[in-house]
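Thanks for making time for this today. Please bring up the sequence and the structure on your screens, and then we can walk through them together.

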Amino acid sequence: MVTTSFDRDFTLKSKKEVKSFIRIIQTPSKPIKIDRKLVSPKREKEGVEKLRKTLFR
């Protein structure tokens, strides 16, 4: 787990931890692909209505 190399002050304690942190930072993240079939205008409208109901309670 990434956070196990940190203490509460977010200090890296060894060269191994520094190298690991640098590798994590420099590795580009993979883009997330969205299936556009799941986001239809009808579903988008339903989501907006559900959000409005939740916010105006």
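Let me begin with helix H2, which is hardly covered, since the count of buried residues among its 15 residues is 0. Please keep in mind throughout that this is a predicted model. Helix H2 covers residues 41–55, and at 1.5 Å a residue it should span 21 Å, which agrees with its end C-alpha atoms being 21 Å apart.

Within this helix there is a pair of charged residues that I would like you to find, namely Arg 52 and Glu 49, which both lie in H2, 3 residues apart, or about one turn of the helix. These two form a salt bridge, in which the closest N and O atoms are 3.3 Å apart, and the structure holds 1 salt bridge. Are the two partners buried, exposed or something in between? Arg 52 has a relative accessibility of 46% and therefore counts as partly exposed, because that value falls between the 20% and 50% limits. Glu 49, at 34% relative accessibility, counts as partly exposed as well.

Now let us turn to helix H1, which runs over residues 15–26. Helix H1 has 12 residues and reaches 16 Å from its first C-alpha to its last, close to the 16 Å expected at 1.5 Å a residue. The number of buried residues among those 12 is 1, so H1 lies largely in the open.

One residue of H1 deserves a slower look, and that is Glu 17, which is found in this helix. Which side chain of opposite charge is nearest to Glu 17, and how far away is it? It is Lys 13, at 6.4 Å, and Glu 17 is buried yet has no salt bridge. The backbone of Lys 13 is another matter, however, for its nitrogen lies 2.5 Å from a polar atom of the Glu 17 side chain.

There is also a nonpolar patch on the surface, formed by Val 18, Phe 21, Ile 22, Ile 24 and Ile 25, with about 400 Å² of accessible area together. Ile 24, one of its members, lies in H1 and is partly exposed, with a relative accessible area of 36%.

Let me finish with the protein as a whole, whose secondary structure comes to 2 helices and 0 strands. Buried residues make up 4% of its 57 residues, and the protein exposes about 6,400 Å², of which carbon and sulfur atoms supply 59%.

Terms used:
Residues are numbered from 1 along each chain as its sequence is written. This is a predicted model: local features need pLDDT of at least 70, side-chain atom pairs count only at pLDDT 80 or more; totals for chains, interfaces and linings use all residues. Side-chain values use heavy atoms; hydrogens and water are left out. Patches are made of residues with over 30% relative accessible area and no salt bridge: like charges are joined within 9 Å, nonpolar side chains (Val, Leu, Ile, Met, Phe, Trp, Tyr) within 5 Å. Accessible areas come from the Shrake-Rupley method with a 1.4 Å probe; for residues, only the protein chains shown count as cover. A salt bridge is a side-chain nitrogen of Lys or Arg within 4 Å of a carboxyl oxygen of Asp or Glu. Helices (H or I, at least four residues) and strands (E, at least two) are DSSP runs, numbered from the N terminus. Buried means under 20% relative accessible area, exposed over 50%, partly exposed in between (1.4 Å probe, protein chains only). Lys and Arg count as positive and Asp and Glu as negative; His and the chain ends are not counted. A polar contact is a pair of N or O atoms within 3.5 Å; within protein, one must be able to donate a hydrogen and the other to accept it, and residues adjacent in sequence count only if both atoms are side-chain atoms. The expected span of a helix is 1.5 Å times one less than its number of residues.
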